[in-house]
Amino acid sequence: MLSLRSILGIICAFALALPAFAQTGSIQGIVIDSAGASIPNAKISAYDQEKQIVARETVSAQNGGFFLSPLLPGRYTVKVEAPGFKAVERTDVTLDQNQIMNLGPLTAEVGQTSESVTVEAQVPLVETSTA
């Protein structure tokens, strides 16, 4: 029969080993219009640039916020599409293991959905969600 000390040791070992299995990361942000109002129900896609596939898709919440998870480490293009707005793309988003990347506000301009805005010059991203 296992003693209480042995059981606690096993539980602690598993608890410490769990972060080693977390090999994925997440991308989050908020979709807004040029006036700063949130855009709910916008389609957000994360394209894996290396594999050239859609890795994850979601829609923005009522407050415009979105969360793409789980994503494997790599380089992604995040694309935002909403009816009545130009598509917005953020390219070369590099996601590391266990990282929660906050893209901040992604501003969609009013226009035809066939038009798109690609953001290439980026301000260095500061990760504020994880240590």
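# Salt bridges, strands and core of a predicted chain

Biologist: At what distance, N to O, do the side chains of K79 and E89 meet in a salt bridge?

Modeller: A salt bridge is a side-chain nitrogen of Lys or Arg within 4 Å of a carboxyl oxygen of Asp or Glu. The side chains of K79 and E89 form such a pair, and the distance from N to O is 4.0 Å.

Biologist: What kind of model is this?

Modeller: Residues are numbered from 1 along each chain as its sequence is written, and side-chain values use heavy atoms, with hydrogens and water left out. Local features need pLDDT of at least 70, side-chain atom pairs count only at pLDDT 80 or more, and totals for chains, interfaces and linings use all residues, since the model is predicted.

Biologist: How many helices and strands does the chain hold?

Modeller: Helices (H or I, at least four residues) and strands (E, at least two) are DSSP runs, numbered from the N terminus. Read from that end, the elements follow the order α-β-β-β-β-β-β-β-β. The secondary structure therefore comes to one helix and eight strands.

Biologist: Which residues are linked with K79 in a network of salt bridges?

Modeller: The salt bridge between K79 and E89 reaches from one strand to another. K79 lies in β5 and E89 in β6, so this pair ties together parts that are 10 residues apart in sequence. K79 also forms a salt bridge with E81, with 3.8 Å between the closest N and O atoms. The network that includes K79 is completed by E81 and E89.

Biologist: Is K79 buried or exposed?

Modeller: Residues under 20% relative accessible area are buried, those over 50% exposed and those in between partly exposed (1.4 Å probe, protein chains only). E81, a salt-bridge partner of K79, is partly exposed at 30%. K79 has a relative accessibility of 19%, so it counts as buried.

Biologist: How many residues apart in sequence are the parts tied together by D92 and R75?

Modeller: The structure holds five salt bridges. One of them joins D92 to R75, with the closest N and O atoms 2.6 Å apart. D92 lies in strand β6 and R75 in strand β5, so the separation in sequence of the parts they tie together is 17 residues.

Biologist: By how many degrees does the twist average from one strand to the next in the open sheet?

Modeller: Two strands pair if DSSP finds at least two bridges between them. Three strands form the open sheet, in the order β4-β1-β7 and with mixed pairing. β4 (65-71) and β7 (100-108) each have a single partner strand, so one side of each is left without a neighbour in the sheet. With axes as lines fitted to C-alpha atoms (for helices over the stretch in contact) and angles from 0 to 180 degrees between N-to-C directions, the twist averages 20°.

Biologist: Which residue of β7 stands opposite I32?

Modeller: Strand β1 (residues 25-33) and β7 run parallel and are joined by seven bridges. In β7, the residue opposite I32 is T107.

Biologist: Which residue in the turn of the β2 and β3 hairpin has a positive phi?

Modeller: β2 and β3 pair in the antiparallel sense over six bridges, and I44 stands opposite T58 in β3. Four residues lie between the two strands of the hairpin. The turn residue with a positive phi, about 55°, is Q52.

Biologist: Which residue of β5 is the bridge partner of A46?

Modeller: β2 pairs with β5 in the antiparallel sense, over six bridges. The partner of A46 in β5 is V78.

Biologist: Which element gives the most to the largest nonpolar core?

Modeller: A nonpolar core is a set of buried Ala, Val, Leu, Ile, Met, Phe, Trp, Tyr and Cys residues joined through side-chain atoms within 4.5 Å. Of the 21 residues in the largest one, I27, I44, F66, L68 and L103 touch the most other members. Two or more residues come from each of β1, β2 (43-48), β4, β5 (74-81), β6 (87-95) and β7. Four residues, the most from any element, come from β7.

Biologist: How far apart are the C-alpha atoms of E109 and A35?

Modeller: E109 is found in the loop between β7 and β8 (116-119) and counts as partly exposed, at 37% relative accessibility. E109 and A35 are 74 residues apart along the chain, and their C-alpha atoms are separated by 9.3 Å.
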